[in-house]
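Hi,

Here is the structure I promised to pass on. Have a look at it first, and then read my notes below.

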Amino acid sequence: TTTGWLPGRPLLSGAGALATLVAVRFLMGAAQAPVFPVTAASIETWFPRLGWALPNGLLSTGLTLGAAATSPVVAWLMVTVGWRASFYWTAPAAFLVVALWWWYARDDPSAHPGANAAERALIAADRPPENGELRAEVVRRLLRDRNVLLLSLSYLCMNYVFYIFFSWFYTYLIEVRKFGLLEGGLYGALPWLAGAVCATLGGAACDRLCRRIGPRWGCRAPAIAGLVLAGGFLLAGVLAADPRVAVLILSICFGCTQLTEGSYWAGMSLVAGRHTSPATGILNTGGNLGGVISTPIIPVLVERIGWGPSLATGTLFALAGAALWLLVEVDRPLAAE
């Protein structure tokens, strides 16, 4: 809502309007930052140990479905009521979600009337005991842990590709593939729909593989496959001559990035255990650094080398992220060191 209230010209210069917009976006990011770590910690608390990837994947499914709806809905609202009013019309949904979470969610299964004794026993099985460490000590150990740092760096690489789609895909459709405003909004939703399906599939596959072959390769396999495929499809989509074929291939590319989400978040929970909240906060920081890199660098690269080579840089990051997974050992938990 605050974005729609921002003053424009003649009250602010171009630089002033940009600075104000950046400040508002920073505050919004600060407010959203705890969402994924808090939810990951809730999943660690509420689900059995080798069943964390699917609920984390479903979390990403919700995110991508929301993004899929945002693209055409906001494009339609901008054409119909203007860009400022589009923020006023979409803001109430956030307050509804907050109210629902406050009413229904509980920090611990023992505090929820819907959780019975058998469910609580299943959730509590095969978990290390609490050791009473101070929070500052935990954070220092996490920041020195090899697996935490490797996962965060790999997540940065994956999110470099994610933020290409998040920040620049719609612009690419309009400027390069020459779709109209509303048509671009509709086609811009396709990667997010593919992502919604693949996030769930990737989470389910990760949980199943963890139970069958163990967590190390159970997490590695979907992540490596997703990243390698994402890198290949990104390159193929950029090179496709037909605009609609390009949209289809690039949508599959984005879907492949989402195959990895369950592996990242479940893998970090396996490493950190009861310290999932600060550990996934570090993971989330790594992921957002991918956006910090790709969002501003893509237009600079576009100006110098063009759209195709600029987007193809995502292939290099995707392959680097896959290679880093070969060094990750999620079956070496923090508590064991």
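Let me start with Thr-45, which lies in helix H3 (residues 35–46). Helices here, like strands, are DSSP runs numbered from the N terminus, with H or I over at least four residues for a helix and E over at least two for a strand. Before going further, the housekeeping: this is a predicted model, in which local features need pLDDT of at least 70 and side-chain atom pairs count only at pLDDT 80 or more, while totals for chains, interfaces and linings use all residues. Residues are numbered from 1 along each chain as its sequence is written, and side-chain values use heavy atoms, with hydrogens and water left out.

Back to Thr-45. This residue counts as buried because its relative accessible area is 15% (buried is under 20%, exposed is over 50%, partly exposed is in between, with a 1.4 Å probe and protein chains only). A polar atom of the Thr-45 side chain sits 2.9 Å from the backbone oxygen of Ala-41. That is a polar contact, meaning a pair of N or O atoms within 3.5 Å; within protein, one must be able to donate a hydrogen and the other to accept it, and residues adjacent in sequence count only if both atoms are side-chain atoms. Leaving out residues up to four places away in sequence, Thr-45 touches Asp-107, Asp-108, Pro-109, Ile-123, Arg-127 and Arg-274 (contact means heavy atoms within 4.5 Å).

Now the overall picture. The protein has 16 helices and zero strands. Of its 337 residues, 44% are buried. The accessible surface is about 16,800 Å², and carbon and sulfur atoms account for 71% of that (Shrake-Rupley method with a 1.4 Å probe; for residues, only the protein chains shown count as cover). Among contacts between residues at least 6 apart in sequence, 80% join residues at least 24 apart.

Next, the packing around H9 (residues 146–175). The axes of H9 and H16 (residues 307–325) come within 8 Å and cross at roughly 160°, so the two helices are roughly antiparallel. Axes are lines fitted to C-alpha atoms, for helices over the stretch in contact, and angles run from 0 to 180 degrees between N-to-C directions. Under 35 degrees counts as roughly parallel, over 145 as roughly antiparallel, 65 to 115 as roughly perpendicular, and the rest as oblique. H9 passes H16 in a left-handed crossing, which is one where the near helix is turned anticlockwise from the far one by less than a right angle (clockwise would be right-handed).

H9 also packs with H13 (residues 243–258): their axes come within 10 Å and cross at roughly 150°, and this pair is therefore roughly antiparallel too. The crossing of H9 with H13 is left-handed. On the H9 side the residues are Met-158, Val-161, Phe-162, Phe-165, Phe-169, Tyr-172 and Leu-173, and they meet Val-247, Leu-250, Cys-253, Phe-254, Thr-257 and Gln-258 in H13.

Ser-294, in helix H15 (residues 276–305), brings us to H9 residues again. Ser-294 is buried, with a relative accessible area of 0%, and its side chain reaches the backbone oxygen of Tyr-160 at 3.3 Å. Beyond four places in sequence, Ser-294 touches Asn-159, Tyr-160, Tyr-163, Ile-164 and Trp-168.

Then a few glycines:

- Gly-231 is in helix H12 (residues 215–239) and is buried at 1% relative accessible area. Aside from neighbours within four places in sequence, Gly-231 is in contact with Thr-315 and Ala-318. Its C-alpha atom is 9.7 Å from that of Met-158, 73 residues apart along the chain.
- Gly-57, in H4, is buried with a relative accessible area of 0%. Gly-57 touches Ala-199, Thr-200 and Gly-262, not counting residues up to four places away in sequence. The C-alpha atoms of Gly-57 and Leu-259 are separated by 8.1 Å, with their positions 202 residues apart along the chain.
- Gly-66 is in H4 (residues 53–81) as well, but counts as partly exposed at 34% relative accessibility.

One last thing: which residue has a positive phi although it is not a glycine? That would be Lys-178, at about 65°. Most residues other than glycine have a negative phi. Lys-178 is in the loop between H9 and H10 (181–188) and counts as exposed because its relative accessibility is 63%.

Cheers
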